[in-house]
Amino acid sequence: MRVVRETELSLTVELGELSVTMLLDGETTMGADCLRGVELGPDALVEGRLPLPVRAFLVQGQQGKLLIDAGAGNAWHKGLGRLGGALAEAGSGPQEVDVVALTHTHIDHMSGLVDGDGGLAFPNAHRVLVATEELMAFRAEPRMIPVLPRLVPLEQGDGPLPGVVAVNAPGHSPGHMAFLVEGRLLIWGDLVHHTVQLARPEVTWKFDEDEALARETRARLFDRVVGEGWLVAGAHLPHPGIGRLERAGDAYAFHPVTR
Ligand SMILES: [Zn+2]
(Lines give C-alpha, C1' and ligand atoms only; values in the text may rest on other atoms or scores of the structure.)
Protein backbone atom coordinates (compact mmCIF):
# COMPACT_ATOMS: atom_id res chain seq x y z
CA MET A 1 0.00 0.00 0.00
CA ARG A 2 1.35 3.38 -1.01
CA VAL A 3 0.11 6.84 0.01
CA VAL A 4 -0.16 8.81 -3.23
CA ARG A 5 -1.93 11.98 -2.10
CA GLU A 6 -2.67 13.70 1.19
CA THR A 7 -4.61 16.89 1.93
CA GLU A 8 -6.22 18.40 5.03
CA LEU A 9 -9.43 16.38 4.53
CA SER A 10 -8.29 13.41 2.44
CA LEU A 11 -5.70 10.71 2.05
CA THR A 12 -5.37 8.37 -0.93
CA VAL A 13 -3.64 4.98 -0.99
CA GLU A 14 -3.00 2.81 -4.02
CA LEU A 15 -3.72 -0.94 -3.93
CA GLY A 16 -3.00 -2.63 -7.25
CA GLU A 17 -5.81 -1.75 -9.68
CA LEU A 18 -7.81 0.35 -7.24
CA SER A 19 -7.16 3.35 -5.05
CA VAL A 20 -8.93 4.12 -1.79
CA THR A 21 -9.39 7.69 -0.59
CA MET A 22 -10.32 8.57 2.98
CA LEU A 23 -12.66 11.58 2.98
CA LEU A 24 -13.05 13.41 6.29
CA ASP A 25 -16.65 14.58 6.70
CA GLY A 26 -15.65 16.38 9.90
CA GLU A 27 -14.98 15.92 13.58
CA THR A 28 -17.38 16.02 16.49
CA THR A 29 -17.53 14.73 20.06
CA MET A 30 -19.86 12.38 21.92
CA GLY A 31 -20.70 11.94 25.61
CA ALA A 32 -18.24 9.74 27.52
CA ASP A 33 -21.17 7.46 28.45
CA CYS A 34 -21.33 6.27 24.81
CA LEU A 35 -18.63 3.70 25.64
CA ARG A 36 -20.15 0.84 27.65
CA GLY A 37 -18.16 -1.08 30.22
CA VAL A 38 -15.13 1.18 30.62
CA GLU A 39 -14.13 4.35 32.50
CA LEU A 40 -11.79 6.63 30.58
CA GLY A 41 -9.28 8.91 32.27
CA PRO A 42 -9.68 12.67 31.71
CA ASP A 43 -6.70 12.77 29.30
CA ALA A 44 -8.54 10.45 26.89
CA LEU A 45 -11.35 13.01 26.65
CA VAL A 46 -11.70 16.39 24.96
CA GLU A 47 -13.46 18.72 27.43
CA GLY A 48 -14.97 15.65 29.05
CA ARG A 49 -16.21 14.19 25.76
CA LEU A 50 -15.10 11.52 23.29
CA PRO A 51 -13.58 12.72 20.01
CA LEU A 52 -15.43 11.27 16.99
CA PRO A 53 -14.12 11.84 13.47
CA VAL A 54 -16.58 10.93 10.71
CA ARG A 55 -15.11 9.50 7.50
CA ALA A 56 -16.31 8.16 4.18
CA PHE A 57 -14.23 6.34 1.55
CA LEU A 58 -13.98 6.61 -2.22
CA VAL A 59 -12.81 3.52 -4.12
CA GLN A 60 -11.81 4.16 -7.70
CA GLY A 61 -10.43 2.30 -10.67
CA GLN A 62 -10.92 1.88 -14.42
CA GLN A 63 -14.50 0.68 -13.82
CA GLY A 64 -15.67 3.76 -11.96
CA LYS A 65 -15.95 5.46 -8.59
CA LEU A 66 -17.67 3.91 -5.60
CA LEU A 67 -18.44 6.05 -2.56
CA ILE A 68 -18.74 4.08 0.68
CA ASP A 69 -20.91 6.11 3.09
CA ALA A 70 -21.93 9.70 2.52
CA GLY A 71 -21.25 11.55 5.76
CA ALA A 72 -23.73 13.50 7.88
CA GLY A 73 -24.58 16.30 5.45
CA ASN A 74 -26.19 19.13 7.41
CA ALA A 75 -28.41 16.73 9.39
CA TRP A 76 -26.31 16.18 12.50
CA HIS A 77 -23.58 17.95 14.49
CA LYS A 78 -21.91 21.20 13.53
CA GLY A 79 -18.49 20.67 11.99
CA LEU A 80 -19.68 17.74 9.86
CA GLY A 81 -20.87 17.76 6.25
CA ARG A 82 -17.50 18.59 4.68
CA LEU A 83 -17.52 15.58 2.33
CA GLY A 84 -17.89 17.73 -0.80
CA GLY A 85 -14.80 19.72 0.17
CA ALA A 86 -12.88 16.53 0.92
CA LEU A 87 -13.80 15.11 -2.51
CA ALA A 88 -12.64 18.30 -4.22
CA GLU A 89 -9.33 18.24 -2.34
CA ALA A 90 -8.89 14.63 -3.47
CA GLY A 91 -9.29 15.75 -7.09
CA SER A 92 -12.82 14.45 -7.59
CA GLY A 93 -16.33 15.88 -7.64
CA PRO A 94 -19.81 14.77 -6.56
CA GLN A 95 -20.91 14.33 -10.19
CA GLU A 96 -18.11 11.77 -10.72
CA VAL A 97 -19.45 9.27 -8.18
CA ASP A 98 -20.98 6.32 -10.11
CA VAL A 99 -22.34 4.25 -7.23
CA VAL A 100 -22.81 4.65 -3.46
CA ALA A 101 -22.83 1.80 -0.93
CA LEU A 102 -23.68 2.34 2.73
CA THR A 103 -22.11 0.44 5.62
CA HIS A 104 -25.37 1.14 7.46
CA THR A 105 -28.22 3.64 7.72
CA HIS A 106 -27.25 5.78 10.73
CA ILE A 107 -27.40 9.55 10.35
CA ASP A 108 -23.62 10.14 10.02
CA HIS A 109 -23.36 7.67 7.12
CA MET A 110 -26.39 8.34 4.95
CA SER A 111 -27.54 11.94 5.43
CA GLY A 112 -24.96 13.35 3.02
CA LEU A 113 -26.74 11.57 0.14
CA VAL A 114 -28.99 14.63 0.05
CA ASP A 115 -27.63 18.15 -0.26
CA GLY A 116 -28.66 21.29 1.63
CA ASP A 117 -31.45 22.03 -0.87
CA GLY A 118 -32.95 18.55 -0.58
CA GLY A 119 -31.55 17.41 -3.95
CA LEU A 120 -29.30 14.47 -4.78
CA ALA A 121 -25.74 15.18 -3.63
CA PHE A 122 -24.36 12.60 -6.12
CA PRO A 123 -26.59 13.06 -9.17
CA ASN A 124 -24.84 10.48 -11.36
CA ALA A 125 -24.83 7.72 -8.77
CA HIS A 126 -27.67 5.71 -10.30
CA ARG A 127 -27.36 2.94 -7.71
CA VAL A 128 -27.40 3.46 -3.94
CA LEU A 129 -26.74 0.12 -2.23
CA VAL A 130 -28.24 -0.49 1.22
CA ALA A 131 -28.28 -3.79 3.13
CA THR A 132 -31.58 -5.65 2.73
CA GLU A 133 -32.08 -5.61 6.53
CA GLU A 134 -31.99 -1.79 6.55
CA LEU A 135 -34.09 -0.93 3.50
CA MET A 136 -37.11 -0.28 5.71
CA ALA A 137 -35.17 2.10 7.95
CA PHE A 138 -33.84 3.91 4.89
CA ARG A 139 -37.28 4.25 3.32
CA ALA A 140 -38.70 5.55 6.61
CA GLU A 141 -36.38 8.57 6.59
CA PRO A 142 -38.27 11.48 4.90
CA ARG A 143 -35.01 13.21 4.00
CA MET A 144 -34.08 10.24 1.78
CA ILE A 145 -37.17 10.44 -0.49
CA PRO A 146 -35.20 11.74 -3.53
CA VAL A 147 -32.84 8.75 -3.25
CA LEU A 148 -35.55 6.04 -3.16
CA PRO A 149 -35.74 5.44 -6.95
CA ARG A 150 -32.02 4.58 -6.88
CA LEU A 151 -32.13 2.19 -3.95
CA VAL A 152 -30.69 -1.31 -4.59
CA PRO A 153 -30.62 -4.09 -1.93
CA LEU A 154 -27.14 -5.14 -0.82
CA GLU A 155 -26.21 -8.65 0.35
CA GLN A 156 -22.99 -10.29 1.58
CA GLY A 157 -20.84 -11.29 -1.41
CA ASP A 158 -22.18 -8.52 -3.68
CA GLY A 159 -19.58 -6.51 -5.58
CA PRO A 160 -20.56 -2.84 -5.85
CA LEU A 161 -17.46 -2.28 -8.03
CA PRO A 162 -15.13 -4.93 -9.54
CA GLY A 163 -12.56 -5.73 -6.84
CA VAL A 164 -14.85 -4.79 -3.93
CA VAL A 165 -16.90 -7.37 -1.99
CA ALA A 166 -19.51 -6.80 0.74
CA VAL A 167 -18.90 -8.68 4.03
CA ASN A 168 -21.59 -9.05 6.74
CA ALA A 169 -20.65 -7.30 10.00
CA PRO A 170 -23.93 -7.11 11.95
CA GLY A 171 -24.47 -5.85 15.50
CA HIS A 172 -23.94 -2.10 15.44
CA SER A 173 -26.95 -2.20 13.13
CA PRO A 174 -28.86 -5.21 11.74
CA GLY A 175 -27.42 -5.00 8.22
CA HIS A 176 -24.08 -3.42 9.07
CA MET A 177 -21.71 -4.20 6.19
CA ALA A 178 -17.95 -4.05 5.66
CA PHE A 179 -16.29 -3.93 2.23
CA LEU A 180 -13.15 -5.85 1.27
CA VAL A 181 -11.13 -4.05 -1.41
CA GLU A 182 -8.79 -6.08 -3.65
CA GLY A 183 -8.87 -8.88 -1.08
CA ARG A 184 -6.62 -6.90 1.25
CA LEU A 185 -8.15 -3.75 2.72
CA LEU A 186 -11.28 -4.04 4.87
CA ILE A 187 -13.38 -0.88 5.10
CA TRP A 188 -15.19 -1.82 8.28
CA GLY A 189 -17.67 1.03 8.88
CA ASP A 190 -18.51 1.32 12.59
CA LEU A 191 -16.80 -1.82 13.90
CA VAL A 192 -14.85 0.60 16.16
CA HIS A 193 -15.95 4.02 17.48
CA HIS A 194 -12.99 4.73 19.78
CA THR A 195 -9.48 3.32 20.17
CA VAL A 196 -10.35 1.86 23.58
CA GLN A 197 -12.34 -0.76 21.61
CA LEU A 198 -9.06 -1.87 20.02
CA ALA A 199 -7.30 -2.30 23.36
CA ARG A 200 -10.49 -3.81 24.82
CA PRO A 201 -12.64 -5.24 22.02
CA GLU A 202 -15.38 -6.23 24.50
CA VAL A 203 -16.27 -2.57 25.10
CA THR A 204 -19.49 -1.67 23.28
CA TRP A 205 -21.05 1.57 22.05
CA LYS A 206 -24.30 3.07 23.33
CA PHE A 207 -25.79 3.10 19.81
CA ASP A 208 -24.99 -0.53 19.01
CA GLU A 209 -28.42 -1.94 18.20
CA ASP A 210 -27.35 -5.41 19.43
CA GLU A 211 -24.36 -5.03 21.77
CA ALA A 212 -23.64 -8.76 22.14
CA LEU A 213 -23.66 -9.29 18.38
CA ALA A 214 -21.55 -6.16 17.80
CA ARG A 215 -18.98 -7.52 20.28
CA GLU A 216 -18.98 -10.94 18.62
CA THR A 217 -18.60 -9.45 15.13
CA ARG A 218 -15.73 -7.21 16.27
CA ALA A 219 -13.85 -10.18 17.78
CA ARG A 220 -14.45 -12.32 14.68
CA LEU A 221 -13.37 -9.64 12.20
CA PHE A 222 -10.33 -8.51 14.24
CA ASP A 223 -9.19 -12.13 14.26
CA ARG A 224 -9.78 -12.47 10.53
CA VAL A 225 -8.03 -9.16 9.69
CA VAL A 226 -4.90 -10.17 11.60
CA GLY A 227 -5.01 -13.75 10.30
CA GLU A 228 -5.31 -12.65 6.68
CA GLY A 229 -2.92 -9.72 7.05
CA TRP A 230 -5.55 -7.28 5.76
CA LEU A 231 -5.25 -3.52 6.04
CA VAL A 232 -8.16 -1.72 7.67
CA ALA A 233 -10.14 1.49 7.23
CA GLY A 234 -12.92 2.75 9.48
CA ALA A 235 -15.43 5.57 9.64
CA HIS A 236 -14.40 6.59 13.17
CA LEU A 237 -10.76 5.45 13.37
CA PRO A 238 -8.13 8.07 14.31
CA HIS A 239 -6.35 10.02 11.56
CA PRO A 240 -6.05 9.12 8.74
CA GLY A 241 -8.59 6.31 9.16
CA ILE A 242 -6.52 3.78 7.18
CA GLY A 243 -3.81 1.54 8.59
CA ARG A 244 -2.84 -1.80 10.00
CA LEU A 245 -4.11 -3.79 12.99
CA GLU A 246 -1.64 -5.46 15.37
CA ARG A 247 -2.52 -8.05 18.00
CA ALA A 248 -0.86 -8.34 21.43
CA GLY A 249 -2.65 -11.02 23.47
CA ASP A 250 -6.31 -10.02 23.73
CA ALA A 251 -5.59 -6.41 22.78
CA TYR A 252 -5.18 -4.79 19.38
CA ALA A 253 -3.54 -1.58 18.24
CA PHE A 254 -4.10 0.56 15.15
CA HIS A 255 -1.05 1.73 13.22
CA PRO A 256 -1.97 4.52 10.81
CA VAL A 257 -0.59 4.39 7.29
CA THR A 258 2.27 6.85 6.76
CA ARG A 259 3.82 8.31 3.65
ZN1 LIG B 1 -21.03 6.06 12.61
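**Entry 1: Leu-245**

I began with the contacts of Leu-245: leaving out residues up to four places away in sequence, Leu-245 touches Phe-222, Val-225, Val-226, Val-232, Tyr-252 and Phe-254. I note here that the model is predicted. I placed Leu-245 in strand S15. I counted 20 C-beta neighbours inside 10 Å for Leu-245, and 20 or more is the cut-off for buried, so Leu-245 counts as buried. I also looked up one of the pairs by distance: Val-232 and Leu-245 are 13 residues apart in sequence, and their C-alpha atoms are 7.0 Å apart in space.

**Entry 2: helix H5**

Two of the contacts of Leu-245, Phe-222 and Val-225, are listed among the buried residues of H5, so I went to that helix next. Helix H5 covers residues 211-228, which is 18 residues. At 1.5 Å a residue H5 should span 26 Å, and I found its end C-alpha atoms 25 Å apart, which agrees.

Where do the buried residues of H5 lie, seen down its axis? I first listed them: Ala-214, Arg-215, Thr-217, Arg-218, Leu-221, Phe-222 and Val-225. They fall within an arc of 165°, so they line one face of the helix. On the face turned away from that buried side I found the exposed residues Ala-212, Arg-220, Gly-227 and Glu-228. I note that two arginines, Arg-215 and Arg-218, are in the buried list, while Arg-220 is in the exposed one.

After H5 comes Gly-229, with a positive phi near 70°.

**Entry 3: backbone oddities**

I then looked for unusual backbone angles. Most residues other than glycine have a negative phi, and most peptide bonds are trans. Against that background I wrote down three places.

- Asp-69 has a positive phi, near 75°, and is not a glycine. I found Asp-69 in the loop between strand S6 (64-68) and helix H1 (83-89). Asp-69 has 29 other C-beta atoms within 10 Å, so it is buried.
- Glu-182 is not a glycine either, yet has a positive phi of about 55°. Glu-182 sits in the loop between strand S11 (177-181) and strand S12 (185-187). With 18 other C-beta atoms within 10 Å, Glu-182 is partly exposed.
- The peptide bond from His-239 to Pro-240 is cis, and its omega is near 0°. Pro-240 belongs to the loop between strand S14 (231-233) and strand S15 (242-248).

The last of these loops leads me back to S15, the strand that holds Leu-245.

**Entry 4: the eight-stranded sheet**

What is the order of the strands in the open sheet of eight? I read it as S1-S2-S3-S5-S6-S7-S8-S9, and the pairing is mixed. Strand S1 (2-6) and strand S9 (151-154) are the edge strands, each pairing on one side only. Neighbouring strands of this sheet are turned against each other by 25° on average, direction ignored.

I followed strand S5 (residues 49-61) on both of its sides. With strand S3 (residues 18-31), S5 runs antiparallel, and twelve bridges join the two. Two of the pairs I looked up are Thr-28 with Leu-52 of S5, and Glu-27 opposite Pro-53 of S5. With S6, S5 pairs in the antiparallel sense over five bridges. There, Gln-60 has Lys-65 of S6 as its bridge partner. S5 and S6 form a hairpin, with two residues between them. I note that S6 is also the strand that precedes the loop of Asp-69.

**Entry 5: the whole chain**

Last, I took the totals. The protein has five helices and 16 strands. Its radius of gyration is 17 Å, close to the 18 Å that the globule rule gives for 259 residues, so the protein is as compact as a globular protein of that length. The C-alpha trace spans about 45 × 40 × 35 Å along its principal axes.

How much of the protein is made up of buried residues? I get 46% of the 259 residues; Leu-245 and Asp-69 are among the buried residues noted above. Of the contacts between residues at least 6 apart in sequence, 63% join residues at least 24 apart.

Notes
Residues numbered from 1 in each chain as written. Predicted model: local features only at pLDDT ≥ 70, side-chain atom pairs only at ≥ 80, totals over all residues. Helix = DSSP H or I, 4+ residues; strand = E, 2+ residues; numbered from the N terminus. Expected span 1.5 Å × (residues − 1). Buried ≥ 20, exposed ≤ 12 C-beta atoms within 10 Å, placed from the backbone. Arc of directions from axis to C-beta. Pairing = 2+ DSSP bridges. Axes fitted to C-alpha atoms, helices over the stretch in contact; angles between N-to-C directions. Contact = placed C-beta atoms within 7 Å. Rg over C-alpha atoms; globule rule 2.2 N^0.38 Å.
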